[in-house]
Amino acid sequence: MTIFNLFKIGIGPSSSHTVGPMIITKNFCTLIKKQNYFSNLTRIKVELFGSLGSTGIGHHSDVAVLLGLLGHDPKTINTSKINNIIDNIKTTSTLRLLNEKTINFSIAKDLILHKRKTLPFHPNAIKITIYNLKNELFSKIYYSIGGGEVISEDEINSKNSISKKDDLSLPYNFSNAKELLKQCKDNKLTISELIFENEKAYRSEDKIKESLLEIWKVMNECVLNGLNSDGILPGGLNVSKRAYKIHQKLREKRTTDPLSFVDWINLYALAVNEENASGKRVVTAPTNGAAGIIPAVLHYIINFLVHKEDKEQVIINFLLTAGAIGLLYQRNASISGADVGCQGEVGVACSMAAGAMAEYLGANIEQIENAAEIAMEHNLGLTCDPIGGLVQIPCIERNAMAAMKAINAARMALNEDGTHYVSLDSVIKTMYTTGKDMQNKYKETSKAGLAVHYVEC
């Protein structure tokens, strides 16, 4: 129930397919070192199942696995050195676990992507096994459940009891939107104020503000880097980066076009997602595939709307409100494209941004809930069908479209009094059941939809 489970600093192109696997393999190596397996093991085998197996290459899951085995962390790894690191493993057929234990490693034999096998708990599954010269020593299964969150198979049964204990420590506990709004009303708090008080159960006030501003700093740097990066996106589709060229045009354009702000919002989203597609530093918001929506809307606010307000407080309140809405989806549905389709990534990010935008514009709590509901209602059924398993088409444009949709949802909610027929809780439940009804081929497997119905030029 902390928003910092939603906003994580990491690398592209995917939170569940890149960040999650890197965390998993690093955690596994830390565990086996602690259990004194390092002295005996001679081989490690990593198997990827389900969506990870289907789109692992396009999402750099194979690279992430290797980086995690070496002990690298998504938040701190130098992205400019990744290619050299991987090339060294391929050239030497060895790797150094946690930079301590050198073993032989064959990418072809020891890193296996199962394209037609799944494990029961979640589509993003990884099994890691270690051996000595004669026998299997130890094996463990993990799941990457969205937004860079991971869980091991033996932790699953205890997960509910851990969550309940965690909830009890919160000053304003809630499990759904109805309870969140009631807590706000009863305690005369805004949503951002309530979440700030809850976050104090985990860290100090200064640390909360520092962490939120660090998240914004990375988001801002991601936009700036995207605006200054030209060329072709990696992966083989030969998709040209657009943010750089659009930015040059907007800077040169002298116009009174009243809709030019739309171009800027689109630009911010494109810049972030082109950086993500290039494997650069991004923030899950709540996932990498949807990383451009919240930064785009917040950049629009900071660059076009903020005049006399304290910018830092605007940023903090926006992320707190967006985080509150994201927690509702994470708790009661899913933020994993492999689990419920892109409605769980772009749809959730759009809902988060809409609610936060509404609060900035002065909405009451009912209008904020309405904005978040409107945004998701018009993302229901959104499939995850990336061409070539890459987060490029339709993912990059989809972020730009959702950023505009979030602003529109906020404006629509502000034109009403907060009364609406469909609650946010209802739309969250609908999103989840829709995702479960969706055929697996439309959930981050690249086996249907745009992934197969496109013409190569």
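How far apart do the C-alpha centres of domain 1 and domain 2 lie? In this predicted model, the C-alpha centres of domain 1 and domain 2 are separated by 31 Å. The legends below begin with the whole chain and then turn to individual sites.

**Figure 1. Overall view of the protein chain, with its 19 helices and nine strands.** The radius of gyration is 22 Å, close to the 23 Å that the globule rule gives for 457 residues, so the protein chain is as compact as a globular protein of that length. The C-alpha trace extends over about 70 × 55 × 45 Å along its principal axes, and 55% of the 457 residues count as buried. Among the contacts in the protein chain with a separation of 6 or more, 77% are made by residues 24 or more positions apart. The accessible surface amounts to about 19900 Å², and carbon and sulfur atoms contribute 49% of it. As for charge, the protein chain carries 50 positive and 47 negative side chains, with the centres of the two sets 7 Å apart.

**Figure 2. The two assigned domains and the contacts between them.** The domain assignment places domain 1 at residues 17–144 and domain 2 at residues 177–452. Between the two, 16 residues of domain 1 make contact with 18 residues of domain 2, while the C-alpha centres of these domains lie 31 Å apart.

**Figure 3. Two cis peptide bonds, from Gly-12 to Pro-13 and from Ala-285 to Pro-286.** Omega is near 10° for the bond that leads from Gly-12 into Pro-13, and Pro-13 itself belongs to the loop between strand 1 (9–11) and helix 1 (15–34). For the bond that joins Ala-285 and Pro-286, omega is about 5°; here the proline, Pro-286, sits in the loop between strand 9 (281–283) and helix 13 (293–305).

**Figure 4. Helix 3 and the positions that flank it, His-60 and Gly-71.** In the loop between helix 2 (50–55) and helix 3 (61–70) stands His-60, a residue other than glycine whose phi is nevertheless positive, near 60°. His-60 counts as partly exposed because its relative accessibility is 27%, which can be set beside helix 3, where nine of the ten residues are buried. The buried residues of helix 3 include Ser-61 and Asp-62 as well as Ala-64, Val-65, Leu-66 and Leu-67, and Gly-68, Leu-69 and Leu-70 are likewise buried. Just after helix 3 comes Gly-71, with a positive phi of about 105°.

**Figure 5. Ser-446, a residue with positive phi in the segment after helix 19 (424–437).** Although Ser-446 is not a glycine, its phi is positive, at about 60°. With a relative accessibility of 18%, Ser-446 falls under the 20% cut-off and therefore counts as buried.

**Figure 6. Surroundings of Phe-174, in the loop between helix 7 (159–168) and helix 8 (177–186).** Phe-174 counts as buried, its relative accessibility being 2%. When neighbours within four places in sequence are left aside, the residues in contact with Phe-174 are Met-1, Glu-179, Leu-180, Leu-194, Ile-195, Asn-198, Leu-328 and Arg-331. One of these partners, Leu-328, is 154 residues away from Phe-174 in sequence, yet the C-alpha to C-alpha distance between Phe-174 and Leu-328 is 9.1 Å.

**Figure 7. Glu-197 in helix 9 (residues 191–199) and the residues it touches.** The relative accessible area of Glu-197 is 28%, so this residue is partly exposed. Beyond residues up to four places away in sequence, Glu-197 touches Pro-171 and Tyr-172. Glu-197 and Pro-171 are separated by 26 residues in sequence and by 7.1 Å from C-alpha to C-alpha.

**Figure 8. Asn-379, in the loop between helix 17 (365–377) and helix 18 (395–414).** Asn-379 has a relative accessible area of 5% and is therefore buried. Its contacts, not counting residues up to four places away in sequence, are with Gln-343, Val-346, Gly-347, Cys-350 and Lys-405.

Technical notes
Residues are numbered from 1 along each chain as its sequence is written. This is a predicted model: local features need pLDDT of at least 70, side-chain atom pairs count only at pLDDT 80 or more; totals for chains, interfaces and linings use all residues. Side-chain values use heavy atoms; hydrogens and water are left out. Helices (H or I, at least four residues) and strands (E, at least two) are DSSP runs, numbered from the N terminus. The radius of gyration is taken over C-alpha atoms; the globule rule is 2.2 Å times the number of residues to the power 0.38. Buried means under 20% relative accessible area, exposed over 50%, partly exposed in between (1.4 Å probe, protein chains only). Contact means heavy atoms within 4.5 Å. Accessible areas come from the Shrake-Rupley method with a 1.4 Å probe; for residues, only the protein chains shown count as cover. Lys and Arg count as positive and Asp and Glu as negative; His and the chain ends are not counted. The place of a charge is taken as NZ of Lys, CZ of Arg, CG of Asp or CD of Glu. Domain bounds come from an automatic or database domain assignment.
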